[in-house]
Amino acid sequence: MGNKLETKKQRKQAEKGIWKAYIRLIFKAKLPWGWLIFLTLLYIGDSTLSLIFPQYAQRVMAGNLENTVIYGTVIVIFARVLSSGIIGFFNKLVMYKVDVSYRSLIWQRLMKAPLSLFNKVKPNEMVSRTANDTATISSVLAGWLPSIIAASYSMIGVVFVLFTYDWRLAAGVLIYIPIYAFSNIWYGKWKYRTNKITHNRLSTLTQFFAELLSSIPLIKSFAMEKKENERGREKIQYYYKASFRRAIVDWIQNPLNSLLNLLQDMFVIGFGIYLISEQAITLDVWIAFFMYVGMLWGILETFALLYTQLKQSQGATSRISVLVEGDLEQYVRNKQLEDTCHDLTFDHVGFSYGEEKRVLKDLSFTIPYGKTTAIVGPSGSGKSTILSLVQQFYEPDQGKIKFGDTDIAEYHLQDWRAMFSYVAQDSPLLSGTIRDNIVYGVDREVSELEIRQAAEAANALEFISNTPNGFDTNVGEGGTNLSGGQRQRVAIARALLRNAEFLLLDEAMASLDSKSEKAVQGAMEHLMEGRSAIVIAHDLSTIRDADQIIVVNEGTVDGIGTHDELMESNKLYQLFVEYLTEANAG
Ligand SMILES: Nc1ncnc2c1ncn2[C@@H]1O[C@H](COP(=O)(O)OP(=O)(O)OP(=O)(O)O)[C@@H](O)[C@H]1O
Ligand SMILES: [Mg+2]
């Protein structure tokens with residue numbers, strides 16, 4: 001019971017929030033206001049024509065065939081046809097303009113959003129948000145603002161005209177407005193709920209498909225086809241039930257409104273006949289009145305439609321709001337990074353990705369300038385996380401990271417990140433050619449010779465020359481046309497070419513065979529000479545050659561020293577070396 005109340009309260013709150021979210025969204029993007037106002041004026045012009053029409057029709061129907069009346073009627077009819085065509089055209093135009101504003105806004109925000117957002121919202125979901133939800137919002141906003149203004153204008157006009165005809169008839173009609181409004185608000189909420197359920201199930205279904213389809217080799221190798229087939233069918237059925245329920249809810253709207261319509265018409269006809277028989281009004285007045293009541297229904301239906309549209313887009317709005325309103329990375333800070341010759345210090349740093357688990361605990365160490373520091377430790381101990389914090393992908397929850405005496409959070413972010421050449425553990429590539437990938441993020445003119453030299457130093461030249469198009473070979477989406485080791489060598493070439501002051505290598509050579517590893521190692525050592533470097537590695541020679549080794553275990557420092565010192569004092573390191581020696585021997 002308490003729970004139910006709670007959810008109802010939450011729903012109310014969410015509902016209140018949604019209006020605010022809408023209004024904020026409207027002002028966040030650079031909307032084409034000029035066009036929107038132009039469209040609104042077109043709508044108002046069209047509504048005016050609709051308001052005028054019964055005035056002429058009434059006279060024609062009552063047998064008044066004067067030239068001015070006939071021409072007037074014909075002109076109004078033509079003007080209405082013309083204006084609906086023009087409105088249709090500009091409506092689409094404005095919708096796409098609004099769409100462009102939102103897509104640009106979202107894209108710009110995503111590029112500057114912190115990585116934590118991308119941990120929360122998974123890629124599939126992100127794609128659906130930027131593609132479908134934006135389209136929903138644009139189509140609603142482009143149509144909504146002009147429609148609501150025009151509909152309000154028509155409504156006032158019609159009600160005014162109705163009262164000028166006969167106040168009793170008009171009052172009788174107006175009673176229906178609240179009934180209509182209530183039934184539609186109730187209906188709109190119902191429709192929103194069923195829509196939301198359907199949408200959720202559909203997105204579960206597509207996420208399931210997307211995930212499984214990208215793991216086909218895994219499914220096949222573990223002979224899970226039958227099981228996954230079954231799971232897929234369940235999800236499909238589950239979605240089918242929700243969508244059928246939604247179809248029924250959609251279907252009910254028509255009979256519901258027809259019923260209300262019918263009651264209303266019966267009233268106008270019955271009461272009208274009575275007033276005519278009493279000679280309180282004439283036939284042509286009654287005809288015009290009847291037409292205006294029809295218009296009133298049209299306008300109420302427009303309001304109802306606008307309301308349901310708004311409710312339906314509520315989900316899209318709140319999802320987009322998360323993207324548009326979250327914090328952005330702060331690029332502009334207080335300090336210029338002028339001198340890069342400093343030590344990098346972790347000062348009691350604590351960090352966790354979410355609330356649950358602390359990944360780094362009270363971590364303190366110094367990465368000396370111009371020296372190579374190796375980080376070793378078991379899988380999941382937080383090594384890659386340390387490199388992420390160094391590059392300020394995330395901020396520490398506790399403690400500070402300092403460069404010289406300054407907190408790194410004070411440097412302009414782009415300057416800071418430009419200081420690093422980073423080879424990530426999974427060496428991501430972008431679709432494009434090998435050349436595109438090697439020069440990615442290099443901010444100067446690069447000669448063909450330089451690219452070749454970088455590829456050669458990364459021991460990648462041989463395999464690149466063996467591909468049919470050499471440097472112009474397409475690497476495929478995410479680099480999938482290359483092997484893991486080839487991708488890694490392209491990533492190393494990229495880091496070599498970038499030639500930054502500070503190297504961050506995360507298992508950069510893990511998927512290379514020992515021959516290419518030896519070849520690349522030479523280039524790496526050359527690169528690391530005289531530069532600061534943090535190297536996460538599993539090969540003994542790299543580790544042994546490091547000026548300093550940090551042993552990390554479960555997010556804390558287990559030991560710091562040179563190879564010889566740690567061999568003396570650190571149990572974990574001894575085990576690690578023992579394991580590596582055995583592995584190499586085996
Ligand atoms: N994006 C993330 N979101 C949430 N948790 C994460 C994320 N990345 C890593 N973790 C968690 O943080 C911990 C440390 O991960 P990290 O990648 O730093 O380990 P690692 O030492 O680099 O391991 P490995 O040697 O396997 O690469 C792990 O427990 C992991 O589950
Ligand atoms: Mg790692």
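This report walks through a few features of one protein model, from an enclosed strand to a pocket and a metal site. The model is predicted, so every value below describes computed coordinates.

## An enclosed strand

A good place to start is strand S3, which covers residues 372-376. Five of its five residues are buried, so the strand is largely enclosed by the rest of the structure. The burial holds on both faces: Thr372, Ala374 and Val376 point to one side, while Thr373 and Ile375 sit on the other.

Which strands pair with S3? One is strand S8 (residues 532-536), which runs parallel to S3 and is joined to it over four bridges. In this pairing, isoleucine 375 stands opposite isoleucine 536 of S8. Another partner is strand S9 (residues 548-553), again in the parallel sense and over four bridges. Here threonine 373 faces glutamine 548 of S9.

## Two backbone angles to look at

Two residues that are not glycine have a positive phi. Histidine 348 has a phi of about 50 degrees, and it is found in strand S1 (residues 344-351). Its relative accessible area is 45%, so histidine 348 counts as partly exposed. For aspartate 362, phi is near 45 degrees; this residue has its place in strand S2 (residues 360-367).

## Aromatic rings

The model holds 25 aromatic pairs. A pair of rings is described by the distance between the centres and the angle between the planes. Two of the pairs are set out here.

| Ring pair | Centre to centre | Angle between planes | Arrangement |
|---|---|---|---|
| Phe38 and Phe90 | 5.0 Å | 85 degrees | edge-to-face |
| Phe403 and Trp416 | 5.2 Å | 80 degrees | edge-to-face |

Phenylalanine 38 belongs to helix H2 (residues 33-61) and phenylalanine 90 to helix H3 (residues 67-112), so this pair ties together parts that are 52 residues apart in sequence. Are these two rings buried or exposed? Phenylalanine 38 is partly exposed, with a relative accessible area of 34%, whereas phenylalanine 90 counts as buried at 17%.

In the other pair, phenylalanine 403 comes from strand S4 (residues 398-403) and tryptophan 416 from helix H13 (residues 413-418), 13 residues apart. Phenylalanine 403 is buried, with a relative accessible area of 1%, and tryptophan 416 is buried too, at 0%. Both rings take part in a cluster: ring pairs link Phe403, Tyr411, Trp416, Phe420 and Phe502.

## A cavity beside the ring cluster members

How many cavities of 30 Å³ or more does a search of the whole structure find? The search finds one, and the largest cavity has a volume of about 30 Å³. Its lining is made up of Thr340, His342, Tyr369, Phe403, Met419, Glu501, Phe502 and Ser532. Sorted by character, these residues are four nonpolar, three polar and one charged. Phe403 and Phe502 also appear in the ring cluster described above.

## The second largest pocket

Next comes an open space. The second largest pocket has a volume of about 890 Å³ and is lined by 38 residues. Among these, His199, Asn200, Gly315, Ala316 and Arg319 lie nearest the centre of the pocket.

Several helices give two or more residues to this lining: H1 (2-28), H5 (123-165), H7 (176-213), H9 (225-277) and H11 (314-325). Which of them gives the most? That is H7, with 13 residues. The lining of this pocket divides into ten nonpolar, 18 polar and ten charged residues.

## The magnesium ion

Finally, the model includes a magnesium ion, ligand 2. Which protein atoms are its donors? They are OG of Ser384 and OE1 of Gln425, lying 1.9 to 2.3 Å from the ion. These donors link distant parts of the chain, 41 residues apart. Serine 384 is in helix H12 (residues 383-390), and glutamine 425 is in the loop between strand S6 (420-423) and helix H14 (434-438).

Both donor residues are partly exposed: serine 384 has a relative accessible area of 24%, and glutamine 425 has one of 42%.

Technical notes: Residues numbered from 1 in each chain as written. Chains lettered and ligands numbered in written order. Predicted model: local features only at pLDDT ≥ 70, side-chain atom pairs only at ≥ 80, totals over all residues. Heavy atoms only, no water. 1 Å grid on protein atoms, 1.4 Å probe; cavity = no way out; pocket = protein on both sides within 12 Å on 5 of 7 lines; lining within 4 Å. Points joined across faces, edges and corners; volume = space filled by probe spheres on them. Nonpolar A, V, L, I, M, F, W, Y, C, P; charged D, E, K, R; others polar. Donors = N, O, S within 2.8 Å, 3.2 Å for Na, K, Ca; no water. Buried < 20%, exposed > 50% of the residue type's maximum accessible area, 1.4 Å probe, protein only. Pairing = 2+ DSSP bridges. Phe/Tyr/Trp six-rings, centres within 6.5 Å; stacked < 30°, edge-to-face > 60°.
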